[in-house]
Amino acid sequence: MDESGTHEAFMRRALELARCGAGWTRPNPLVGAVVVKDGAVVAEGYHAVCGGPHAEAVALLEAGERARGADLYLTLEPCVDFPGKRTPPCTDAILRAGVRRVIAATADPNPCVNGRGLARLREAGVEVVEGVLAEDARRLNEVFFHWIVHRTPFVVLKLALSLDGKIATRSGKSRWITGPESRRRVHALRARYGAILVGVGTVLADDPSLTVREAEGPQPLRVVLDSEGRIPHGAKVLSPEARTVLATTDRMPVEIEAALQDRGAEVWRLPGEGDRVDLAALLCRLGEETDSLLVEGGSEVAWSFLSRGLVHKVAFFYAPLFLGGREAVPSVGGQGVDDPAQGIRVRDLAVERVGEDLLVTGYPVR
């Protein structure tokens with residue numbers, strides 16, 4: 001195997017390790033580290049939880065003296081010291097360990113780092129190789145790369161639908177369109193992203209809990225769009241298992257706001273856009289709380305986000321069945337477009353089998 005192939009093989013292992021921290025490190029990135037000496041792995045590490053030791057520190061501690069003269073594979077540029085930083089800079093740890101060469105997949109887009117870590121290593125005489133599996137590393141940290149630059153959540157639109165594009169029957173029933181494997185995957189997505197959002201119509205129709213139950217991971221912040229305060233005070237989404245935010249406008253009566261706050265909900269009064277919450281204003285507010293948002297429906301909410309160019313990624317679970325019916329609920333509602341040429345294109349499609357269903361992911365062209 002040539003050197004480029006060797007680099008890729010060890011970097012794939014580092015990426016695999018990085019994924020172990022999914023859901024727990026936010027708003028920090030997912031990072032994996034592999035220490036290699038004489039062609040063999042001598043230590044590994046990953047960032048496991050926000051506030052905990054970084055991947056480099058874990059791997060170098062495990063390697064001990066074996067790190068001297070070794071290669072260090074990193075999925076992300078090592079950090080440097082900057083105001084407000086809570087952990088020691090990893091560049092210093094790398095230099096103390098005597099690492100010979102650092103192979104980094106990509107630079108850190110954090111304005112406080114953004115090339116300074118790699119430059120520090122080069123200045124100290126450490127050989128640096130950049131760009132190994134860079135696109136894989138950027139996809140792994142697509143949430144962090146977006147949030148650290150824009151300070152608004154990375155938005156994923158998730159829907160479960162039939163092959164003919166319906167998310168509910170003509171009678172409004174939607175449980176269960178997709179199979180158990182897809183539902184478990186959805187719970188893993190909820191654990192991966194910082195917040196989950198539905199419209200009040202979904203709460204009225206399905207009374208969802210919007211919690212993580214069939215996967216391991218932290219509970220997301222639950223967000224309900226409810227511009228008038230229509231949510232039932234006994235709704236499952238108001239349970240104490242996780243924080244719940246009701247995104248509303250001045251149209252919500254103050255007495256309803258007080259009653260919902262008594263149930264433990266947080267009420268955010270935001271600017272209105274017509275008779276609905278201004279989604280851009282909501283995302284700005286959410287960016288102060290979390291790095292990512294999973295939008296779960298319904299169809300009008302889906303179109304509201306899509307039509308405003310606010311969706312960064314889609315995850316559609318297709319079940320192998322037809323529901324039919326002109327009055328059945330389409331996956332995406334709203335006014336739609338007049339001509340196919342005006343449609344929202346999706347790039348980089350990927351298709352995966354999940355049980356009997358198909359998961360289609362992609363990135364809307366914004």
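**Leucine 133.** I located leucine 133 in the loop between β5 (127–130) and α5 (134–140). The model I consulted is predicted. I noted a positive phi of about 55° at leucine 133, although this residue is not a glycine. I then checked its exposure: the relative accessible area of leucine 133 is 11%, so I entered it as buried, the limit being under 20%.

**Asparagine 114.** I found another positive phi in a non-glycine residue at asparagine 114, with a value near 40°. Asparagine 114 belongs to the loop between β4 (101–104) and α4 (116–123).

**Cis peptide bonds.** I recorded a cis bond joining arginine 26 and proline 27, with omega about 10°. Proline 27 sits in the loop between α1 (3–18) and β1 (32–37). I also recorded a cis bond from arginine 175 to tryptophan 176, where omega is near -15°. For tryptophan 176, the place is the loop between β7 (166–168) and α7 (180–192).

**The nine-stranded sheet.** I traced an open sheet with mixed pairing, in the order β11-β10-β9-β8-β14-β6-β15-β18-β17. Strands β11 (266–269) and β17 (346–354) form its edges; each has a single partner strand, so one side of each lacks a neighbour in the sheet. On average, neighbouring strands here are turned by 20° against each other, direction ignored. I looked at one pair within the sheet: β15 (residues 313–319) and β18 (residues 357–364) run antiparallel and are joined by five bridges. In this region, tyrosine 318 stands opposite leucine 358 of β18.

**Helices across the sheet.** I followed helix α6 (residues 142–150) across β6 (154–162), β14, β15 and β18, and its direction is at about 135° to β6. Helix α11 (residues 299–307) lies across β6, β8 (195–199), β9 (221–225), β14 and β18, at about 140° to β6.

**Valine 295.** I placed valine 295 in strand β14 (residues 292–295). Valine 295 counts as buried because its relative accessibility is 1%. Leaving aside residues up to four places away in sequence, I listed its contacts as Val155, Val156, Leu157, Lys158, Leu197, Val301 and Phe305. I also noted the C-alpha to C-alpha distance from valine 295 to glutamine 335, which is 19 Å, with their positions 40 residues apart in sequence.

**Cavity.** I found one cavity of 30 Å³ or more. The largest cavity holds about 70 Å³ of space. Its lining comprises 13 residues, and those nearest its centre are Thr25, Asn28, Leu30, Arg192 and Asp291. By class I entered six nonpolar, four polar and three charged residues for this lining.

Note on methods
Residues are numbered from 1 along each chain as its sequence is written. This is a predicted model: local features need pLDDT of at least 70, side-chain atom pairs count only at pLDDT 80 or more; totals for chains, interfaces and linings use all residues. Side-chain values use heavy atoms; hydrogens and water are left out. On a 1 Å grid over the protein atoms alone, a cavity is a set of points where a 1.4 Å probe fits but cannot get out, and a pocket is an open set with protein on both sides within 12 Å along at least five of seven lines; lining residues have an atom within 4 Å of a point. Grid points are joined across faces, edges and corners, and a volume is the space filled by probe spheres set on the points. Ala, Val, Leu, Ile, Met, Phe, Trp, Tyr, Cys and Pro count as nonpolar, Asp, Glu, Lys and Arg as charged, and the others, Gly among them, as polar. Helices (H or I, at least four residues) and strands (E, at least two) are DSSP runs, numbered from the N terminus. Buried means under 20% relative accessible area, exposed over 50%, partly exposed in between (1.4 Å probe, protein chains only). Contact means heavy atoms within 4.5 Å. Two strands pair if DSSP finds at least two bridges between them. Axes are lines fitted to C-alpha atoms, for helices over the stretch in contact, and angles run from 0 to 180 degrees between N-to-C directions.
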